[in-house]
Each structure stands twice: as structure tokens, then as C-alpha cells.
Amino acid sequence: MKKKVLAVLLGGCMVVGMLAGCAEKCTCPSHDRCHQKGELVMDVIKIRDLEIYGHHGVMKEENVLGQKFLVSLALYTDTRAAGESDNLADSVNYAEVSYLVKEQMEKETYRLIEAAAEQLAKKILLKFPLVKKVEVEIKKPWAPILLPLDTVSVSITRGWETAYLSIGSNMGDRKAYLEAAIEELKKVETIREIKVSEIIETEPYGYTDQDKFLNAAIGFETLLTPDALLSVCHEIEKKGKRERKIHWGPRTIDLDILLYGDCVMHTETLTIPHSEMHKRQFVLEPLSEIAPYVKHPVLGKSVSMLLEDLEEHK
């Protein structure tokens with residue numbers, strides 16, 4: 001039998017459509033926007049060809065003399081509240097965004113406009129919480145390649161993605177290890193809106209000759225790529241003195257990436273969605289608490305449906 005031992009909630013409220021997902025019969029005001037072609041459809045604020053003088057380039061002369069750059073942005077957000085209130089506080093202030101771009105491009109010196117675009121995207125997403133995704137294009141007119149051309153440009157798209165982790169511990173002060181892992185996640189600049197399920201006590205899985213586990217699920221938005229998020233998880237496990245001696249064996253702390261948006265990937269080090277998540281009640285039960293309607297991108301079923309299937313086939 002599973003025994004609920006603790007309830008943990010961090011990071012404030014989470015928007016249902018962003019973290020828990022919309023149900024098929026959702027009644028939220030943005031339901032029509034949530035489900036167009038299965039994707040979240042957002043409004044866009046565009047800034048085109050903001051002219052800035054900077055000192056970016058591979059050649060020394062470019063860093064010293066400087067040149068003109070043109071920056072264009074597409075800020076993906078929801079303008080509904082601002083449209084109804086006519087209040088700038090409910091929208092993204094594009095003047096503030098423009099001055100942030102100007103300050104960053106004039107203060108820093110980058111060899112590559114790829115680096116300039118990457119840093120601009122990150123700063124915009126961190127400073128303006130209403131921006132869910134941003135497209136950045138940096139044009140470099142008259143690039144010095146000794147050939148006739150109008151401009152060279154780099155375009156990137158970056159945004160917040162929703163990820164879900166499973167955490168567990170069955171050694172030492174299990175609750176303290178889980179709480180420490182959560183605190184470490186809160187310190188990561190590119191992770192926000194953390195929500196944690198209740199912690200449950202479960203029997204060991206796979207290798208059964210060991211103590212019971214405490215397990216929970218965590219959801220959040222992140223700018224990290226899947227591989228970068230995996231590195232963060234490994235670093236937290238390292239701080240928790242995790243040792244990998246026995247497959248599915250005892251551990252002070254374990255963090256597994258379950259889902260990352262609609263990402264489906266498999267490498268030598270990472271598989272998303274987690275290949276065993278639909279078989280594990282200690283994963284699905286806490287996950288269904290914070291994300292019942294989020295769909296498994298391969299199996300096409302919501303977390304709550306996967307949990308029901310698992311319980312029916314016990």
C-alpha cells in the first residue's frame with residue numbers, strides 16, 4: 001500500500017493550460033486557442049529592424065570601428081488581457097524591450113552574431129515573464145567578405161518549455177534529500193514556475209531487496225534544452241551523493257526527466273518520454289496530480305488515462 005506522507009507546493013500557482021494541460025472538454029477562455037492544430041496559438045508583438053551601432057565581428061577592425069546592425073524581434077505572448085483592459089501593465093512594453101536590446105548590443109562585444117542573438121533571446125525571456133517565446137533576427141549589412149551582398153543575418157527561436165521530472169529517495173533522510181533537490185532546482189535561473197506533487201511512499205521497483213522510497217513529481221517551465229536539463233539533474237544527484245552501484249538499486253536522490261513538451265528523442269544518454277514512465281505507478285500517481293491532462297507524445301494518452309490503464313491491469 002502507498003502512504004501519503006507530505007504535501008509540498010513551491011513556486012506559486014501554475015496556469016492550467018501551461019502546466020497541467022487543457023482537458024478535451026476544457027472550459028477555459030482560451031480553449032479555442034489552446035487546441036488549434038494541437039498547439040498553443042499565441043499573439044505576436046513585432047519589432048522590425050531596430051538600428052543599433054555595435055562592435056561585433058570576427059575581424060579586429062569590426063570590434064574597434066564598429067558597424068550598424070538591424071535587430072528584429074517577434075515576441076509571442078497573450079495580448080487578450082491588454083486588449084480588454086487597455087493597460088500597458090497587462091502587455092509587453094516593446095519600448096523597454098527595444099532599450100534592453102540596444103543596451104546589450106552596445107555594451108557587449110561578440111565575435112559571432114549567433115552569440116549576440118542567443119544572449120538577446122535569453123535576456124528577453126528572463127526579464128519579460130509575459131513573453132513565452134521569442135524570435136530574434138540580427139542583420140549585419142555589408143558584411144566584410146569582399147563579395148557584393150546586401151546583408152547577412154542569423155535568426156533563432158527560443159522559448160519556455162514545460163518539463164516534468166520524477167524524483168525519489170530511499171536512503172538516509174529521504175524527505176530532506178527530496179527537499180534539497182527541489183531547492184537546487186529553484187536556484188537555476190532558467191527554471192521557473194515550479195510545482196511539486198504530494199510525496200508518496202512506495203515499494204521498491206525492479207530491484208526489490210531495498211528500503212521503501214519516497215517519490216514525487218515536479219513540473220516547471222525551462223529555457224534549458226533536454227540535454228542541459230539532464231546535466232542539471234546529474235549535478236543535483238552529485239550534490240546529493242548519489243552513487244550508481246546497482247541498477248534500480250538504493251539511492252539518496254534520483255531525478256528522471258519524464259516529459260519535455262512534445263519532444264520525442266532517443267540518444268545514448270537520454271530518452272524522452274521516459275521509456276518506463278507508463279509502467280510505473282509511483283511515477284504516474286504523483287504526476288497525475290499536477291498534470292492529469294498532459295498527453296504522452298508517443299502513446300497519445302493523458303497521464304490520468306495511463307494511470308487508469310495501469311491500475312486496471314494490475
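Lysine 133 stands opposite glycine 159 of strand β5 in this predicted model, and this pair offers a handy way into the sheet around it. Lysine 133 belongs to strand β4, which spans residues 133-141 and runs antiparallel to β5, with nine bridges joining the two. Stepping back, β4 and β5 are part of an open sheet of four strands, arranged in the order β2-β3-β4-β5 with antiparallel pairing. Strands of a sheet pair through backbone hydrogen bonds, and the arrangement may be parallel or antiparallel. At the edges of this sheet are β2 (43-54) and β5 (151-159), each of which pairs on one side only. With direction ignored, neighbouring strands of the sheet are turned by 15° against each other on average.

Two helices accompany these strands. Helix α5, formed by residues 94-107, packs on the sheet and touches β2, β3 (67-77) and β4. The direction of α5 makes about 35° with that of β2. Helix α6, residues 113-127, lies across β3, β4 and β5, and runs at about 150° to β4.

Attention now turns to the nonpolar interior. The largest nonpolar core comprises 30 residues, and those with the most contacts inside it are Leu165, Leu185, Ile218, Phe220, Leu229 and Leu255. At least two residues of this core come from each of β6 (161-169), α7 (174-187), β7 (191-196), β9 (213-222), α8 (226-239) and β10 (254-260). Helix α8 supplies the largest share, five residues. Leucine 185 gives a good view of how these elements meet: setting aside neighbours within four places in sequence, this residue is in contact with Leu165, Ile191, Ile194, Ile218, Phe220, Val232, Ile236 and Leu255. Apart from the largest core lies another, of 28 residues, which includes Leu100, Leu125, Phe128 and Trp160. In soluble globular proteins, nonpolar side chains tend to be buried together.

A look at the whole chain rounds out the picture. The protein has 314 residues, of which 45% are buried, and its secondary structure amounts to 10 helices and 12 strands. Of the contacts between residues at least 6 apart in sequence, 66% join residues at least 24 apart. The protein exposes about 17300 Å², and carbon and sulfur atoms supply 53% of that area.

Terms used
Residues numbered from 1 in each chain as written. Predicted model: local features only at pLDDT ≥ 70, side-chain atom pairs only at ≥ 80, totals over all residues. Heavy atoms only, no water. Buried < 20%, exposed > 50% of the residue type's maximum accessible area, 1.4 Å probe, protein only. Contact = heavy atoms within 4.5 Å. Areas by Shrake-Rupley, 256 points an atom, 1.4 Å probe, with all protein chains shown as cover. Core = buried A, V, L, I, M, F, W, Y, C linked by side-chain atoms within 4.5 Å. Pairing = 2+ DSSP bridges. Axes fitted to C-alpha atoms, helices over the stretch in contact; angles between N-to-C directions.
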